[in-house]
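Colleague: I would like to go through this model with you. Please take my questions one at a time.

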Amino acid sequence: MSVVIFKDCTVFDGTSADLRDGMNVVVENDRIREVADRPVVVEGARVIEAKGKTLMPGLIDAHFHAIAADPDLGKLENMPKMLLAQHARRFLEAALHRGFTSLRDAGGADYGLALATEHGLIDGPRLFFAGRALTQTGGHGDFRSYEDGSSLSLCLCCRGGAALAQVADGVTEVRKAAREELRRGATQIKIMASGGVASPSDPIDNLQYSDEEIAAAVWEAQSWGKYVMAHAYTPQSITRCLNHGVRSIEHANLIDEATAKLAAEKEAFVVPTLVTYDALNRFGAGLGFPQVSLDKLQVVLSAGLKSLELLRRAGVRTGFGTDLLGDMHQHQSSEFSIRREVMSAAEILISATSVNAALVQKEGELGVVRAGALADLLLVDGNPLEDINLLEHHGRNLAIVMKNGRIYKDALAA
């Protein structure tokens, strides 16, 4: 039995802005055994003196792309899978050291990558993965350029591609593709329901997938007790998804007030990813992001903060995601400071902990500091509710990073 006691810490429990001082948190094996306001003694336990530090839940990024090795996503289709896996290892291990103990992968990661982290072959966060996203021909997951004259008489899989997405047209193909990803262990299904920035041939306001195709994907996911996440920017694309039972809307930069209210009524989640637009705007051209995508970026870049404010006012369950590509993964924690322009630090941290835990169907087990929850914990030098920037700088202010009761970063070991 392994026991760790965090002694005399300030606890942010992931559910409210209230902090509790002078707390003692006992971790036994992979779970939190006790959260006490009195001293706790366990023979043989490691005691971590935590006065002046804040103990909080491990962070959850609800929109990550572990295999997005290059900003030009079309290049991924021709990269060897083992090379992509090594890029993924680097991104995952860096994310864990920033304090992200769980990630929801939005296209590309698979059961093998999740298993590698679970078995300790990669020191990374646990993965909730969609497998390959579902896209229509010419949709956001179809990365063929205008100049590419090939047809899909051979599917992307047969052509050696399909790293992030697979083309599925019509209800029958959508059902089969969803069933295949569920068979391979996907924890959710991802569909592309509007145009996107990184894809070369679809305008942002393009509507993708018919009502019947969206409904088919939702039915298949729900039949497994799972759900659909949908890439969607515009009010019309978001509304269509919500009316057919999509549970998680990704990005939503162009959402309007009426659609935000509908999302709240449907008890859906919306996951903005503001940092990726900021990073692409600043660094994309130098890192090889295609010009056609840089042009489309301007449509959604300036709308990000407004969408966040609309979601906040409507009371939508707003998740925390980043959606970064290539070397821009290093800016993952900058999402905190960007959101701080319209949200309180407590709202942002709740979004990145207990809200995202509910989104990945692990409410009460992840994203909280309470007895019985998994021991995903961060010990922060200082108070992130007063200074959320403490969570930036690549984990510099994290004294302890713990996942499943195992300490992966320990600045107090000496």
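Colleague: Which residue in β3 stands opposite Val25?

Modeller: First, the basis: this is a predicted model, where local features need pLDDT of at least 70, side-chain atom pairs count only at pLDDT 80 or more, and totals for chains, interfaces and linings use all residues. Residues are numbered from 1 along each chain as its sequence is written, and side-chain values use heavy atoms, with hydrogens and water left out. Strands here are DSSP runs of E with at least two residues, helices are runs of H or I with at least four, and both are numbered from the N terminus. The residue opposite Val25 in β3 is Val35.

Colleague: How many bridges join β2 to β3?

Modeller: Two strands pair if DSSP finds at least two bridges between them. Strand β3 covers residues 31-36 and runs antiparallel to β2. In their hairpin, two residues lie between the strands, and Asn29 takes a positive phi near 55°. The bridges joining β2 to β3 number five.

Colleague: Which residue in the turn between β1 and β2 has a positive phi?

Modeller: β1 (residues 3-12) and β2 (residues 19-28) pair in the antiparallel sense over seven bridges. Ile5 has Val26 as its bridge partner in β2. Six residues separate the two strands of this hairpin. The turn residue with a positive phi, about 90°, is Gly14.

Colleague: What is the strand order in the open sheet of three strands?

Modeller: The pairing in this sheet is parallel. β6 (59-64) and β8 (126-129) each have a single partner strand, so they stand at the edges with one side left without a neighbour in the sheet. From one strand to the next, the twist averages 20°. The order is β6-β7-β8.

Colleague: What angle does the direction of α11 make with that of β6?

Modeller: Axes are lines fitted to C-alpha atoms, for helices over the stretch in contact, and angles run from 0 to 180 degrees between N-to-C directions. Contact means heavy atoms within 4.5 Å. Helix α11 (residues 345-359) packs on the sheet and touches β6 and β7. Its direction makes an angle with that of β6 of about 55°.

Colleague: Which residue in β7 is the bridge partner of Asp61?

Modeller: β7 covers residues 100-105 and runs parallel to β6. Four bridges join the two strands. The partner of Asp61 is Leu103.

Colleague: Why does the pair of Phe100 and Phe336 tie together parts far apart in sequence, and by how many residues?

Modeller: Rings of Phe, Tyr and Trp (its six-membered ring) pair if their centres lie within 6.5 Å; planes under 30 degrees apart count as stacked, over 60 as edge-to-face and the rest as tilted. The structure holds four aromatic pairs, and Phe100 with Phe336 is stacked at 6.3 Å centre to centre and 25° between the planes. Phe100 lies in β7 and Phe336 in helix α10 (residues 334-339), so the separation in sequence is 236 residues.

Colleague: Which residues form the aromatic cluster?

Modeller: Buried means under 20% relative accessible area, exposed over 50%, partly exposed in between (1.4 Å probe, protein chains only). Phe100 is buried at 0%. Phe336 is also buried, with 0%. The cluster is formed by Phe100, Phe320 and Phe336.

Colleague: How many disulfides are there?

Modeller: A disulfide is a pair of cysteine sulfur atoms within 2.5 Å. Cys9 is buried at 0% relative accessibility. Cys241 is buried at 0% as well. By this rule the count is zero.

Colleague: How far from the side chain of Glu77 does the backbone nitrogen of Ala163 lie?

Modeller: Glu77 sits in the loop between β6 and α1 (81-97). At 13% relative accessibility, Glu77 counts as buried. From a polar atom of its side chain to the backbone nitrogen of Ala163, the distance is 2.8 Å.

Colleague: Is Gln361 buried or partly exposed?

Modeller: Gln361 is found in the loop between α11 and β16 (377-381). Its phi is positive, about 65°, although Gln361 is not a glycine. At 39% relative accessibility, Gln361 counts as partly exposed.

Colleague: Which residues does Tyr111 touch, leaving out those up to four places away in sequence?

Modeller: Tyr111 is in helix α2 (residues 111-118). Tyr111 is partly exposed, with 47% relative accessible area. The residues touched are Phe129 and Arg184.

Key. A polar contact is a pair of N or O atoms within 3.5 Å; within protein, one must be able to donate a hydrogen and the other to accept it, and residues adjacent in sequence count only if both atoms are side-chain atoms.
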